[in-house]
Amino acid sequence: MSDLLAESVAVATGASSGIGRAIARRFAEEGADVVVADVAEAPREDGAPTHEVIADETDADATFVECDVTKPDDLDAAIAAADAFGGLDIMVNNAGVVNVEDVLEVTEDEYDAVMDVNAKGAFFGSQRAARAMTGGGVIINMSSIAGLEGTGDYVTYSMSKGAVRLMTYSLADALGHMDIRVNAIHPGPTDTELMREDLGTDGEDENPFVANVPRGRMGEPEDVADAAVYLASDLADFVTGTSLVVDGGMYSTRGKLIRD
Ligand code: NDP
């Protein structure tokens, strides 16, 4: 790998598992020091905690901070941990949850659980990061192709991810004068525990979404991590307020997030 993020310091939420874990590892490969901010230190999938893997694989510094993104004070604590590495340059608001639901049955608690993590967490993650980015920086928000289209099986999820998309565009405007770039990534179906366990595809012979993916395979967390490296790096210096779709072509060609 190269040194695209040399001398940078990143906080990534939800980085113990899945996509966030891949982002933290790729950032470290590119020279960034990383704060892994998550409710749990252990990955949902097998393996050692992310910061330990980074210490084994790279020369980067990494640490874990227990952080529930629904609590702004926790986000401040994760960002404060970046000070020990020299101060925050890159914030990745990645933590997210999905609930497969019948819209007629969704309770207030279920609604709040999804909106609080996905939308409120990304908002306060961005706000608290921007307060710390006195010399400029980069914010990346994890939306979804479900933030670009309606999905009847997870209405609250689509709502939350659509909010993340427009929040991203709005923050790019609001924070541009601070030399802060703000972009969203919209993954398609990606092989993580969220996909396997939470969306219930584990154990199926073939992932039900793949038939709608022109690239003919599931996304891997590393596919999304590579997109995050680009957006975080100076290669994307003129890129802000945009949506980077990483879905093997699914959204633009096949439309809805449907199962065959
Ligand atoms: P995973 O469930 O694999 O990983 C998510 C991580 O976030 C877990 O470690 C989880 O902890 C943590 N987390 C959950 N709630 C909180 C919270 N309140 N505060 C801090 N951390 C929390 O999911 P993915 O890697 O698949 O998803 C990452 C992001 O990508 C999400 O925003 C998701 O919506 C988005 N996405 C995923 C897609 C996919 O197909 N996988 C497609 C499109 C978007 P715990 O171990 O406790 O659950």
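Modeller: Before we start, one rule of thumb: a residue is called buried when its relative accessible area is under 20%, exposed when over 50%, and partly exposed in between. Keep in mind too that this is a predicted model.

Biologist: Fine, let me try the rule. Is Glu193 buried or exposed?

Modeller: Glu193 has 14% relative accessibility, so it counts as buried. Its salt-bridge partner is Arg196, with N and O 2.2 Å apart. Arg196, at 23%, is partly exposed.

Biologist: Where do those two sit relative to each other in H6?

Modeller: Helix H6 covers residues 193-198, and because Glu193 and Arg196 are three residues apart in it, about one helical turn separates them. Arg196 also has a salt bridge with Asp191, where the closest N and O atoms are 2.9 Å apart. Asp191 is partly exposed, with a relative accessible area of 26%.

Biologist: How many salt bridges does the structure hold?

Modeller: Eleven salt bridges in total. One of them ties together distant parts of the chain: Arg25 in helix H1 (residues 18-29) and Glu57 in helix H2 are 32 residues apart. Their side chains meet at 2.6 Å, N to O.

Biologist: And how covered are Arg25 and Glu57?

Modeller: Arg25 is partly exposed at 27%, and Glu57 is partly exposed at 42%.

Biologist: Which residues are linked in a network of salt bridges?

Modeller: Look for Arg26, Glu29, Glu30 and Asp226, which salt bridges link into a network.

Biologist: What about charges that gather on the surface? Which residues form the patch of negative charge?

Modeller: That patch brings together Glu41, Glu52, Asp56 and Glu66. Take Glu52 as a case: you'll find it in helix H2, residues 50-57. Its relative accessibility is 38%, so Glu52 counts as partly exposed.

Biologist: Let's turn to strands. How do I read which way the side chains point?

Modeller: The general idea is that in a regular strand the side chains alternate between the two faces of the sheet. Now try it on strand S2, residues 33-38. Asp33, Val35 and Ala37 point one way, while Val34, Val36 and Asp38 point the other way.

Biologist: How many residues of S2 are buried?

Modeller: Six of its six residues, so the strand is mostly covered. That holds for the residues pointing either way.

Biologist: In which sense do S1 and S2 pair?

Modeller: In the parallel sense, over five bridges, with S1 made of residues 9-13. To spot one pairing, find Thr13: Ala37 in S2 stands opposite.

Biologist: Now strand S5. Why is it described as largely enclosed by the rest of the structure?

Modeller: Because six of the six residues of S5, residues 137-142, are buried. On one side you have Gly137, Ile139 and Asn141, and on the other Val138, Ile140 and Met142. Both faces are covered.

Biologist: Which strand do four bridges join to S5?

Modeller: Strand S4, residues 90-93, and the two run parallel. For a landmark, go to Val92, whose bridge partner in S5 is Ile140.

Biologist: What about Tyr154, where does that residue lie?

Modeller: Tyr154 is in the loop between S5 and H5. With a relative accessible area of 5%, Tyr154 is buried. Here's a nice check on how the chain folds back: Tyr154 and Asp102 are 52 residues apart along the chain, but their C-alpha atoms are separated by 7.8 Å.

Biologist: Last topic, backbone angles. What is the phi of Glu7?

Modeller: Near 60°, a positive value in a residue other than glycine. Glu7 sits in the segment before S1, and its relative accessibility of 80% makes it exposed.

Biologist: Asp179 has a positive phi too, so I hear. Where is Asp179?

Modeller: Asp179 belongs to the loop between helix H5 (155-175) and strand S6 (180-187). Its phi is about 65°, although Asp179 is not a glycine. Asp179 is exposed, with a relative accessible area of 55%.

Technical notes:
Residues are numbered from 1 along each chain as its sequence is written. This is a predicted model: local features need pLDDT of at least 70, side-chain atom pairs count only at pLDDT 80 or more; totals for chains, interfaces and linings use all residues. Side-chain values use heavy atoms; hydrogens and water are left out. Patches are made of residues with over 30% relative accessible area and no salt bridge: like charges are joined within 9 Å, nonpolar side chains (Val, Leu, Ile, Met, Phe, Trp, Tyr) within 5 Å. Accessible areas come from the Shrake-Rupley method with a 1.4 Å probe; for residues, only the protein chains shown count as cover. A salt bridge is a side-chain nitrogen of Lys or Arg within 4 Å of a carboxyl oxygen of Asp or Glu. Lys and Arg count as positive and Asp and Glu as negative; His and the chain ends are not counted. The place of a charge is taken as NZ of Lys, CZ of Arg, CG of Asp or CD of Glu. Buried means under 20% relative accessible area, exposed over 50%, partly exposed in between (1.4 Å probe, protein chains only). Two strands pair if DSSP finds at least two bridges between them.
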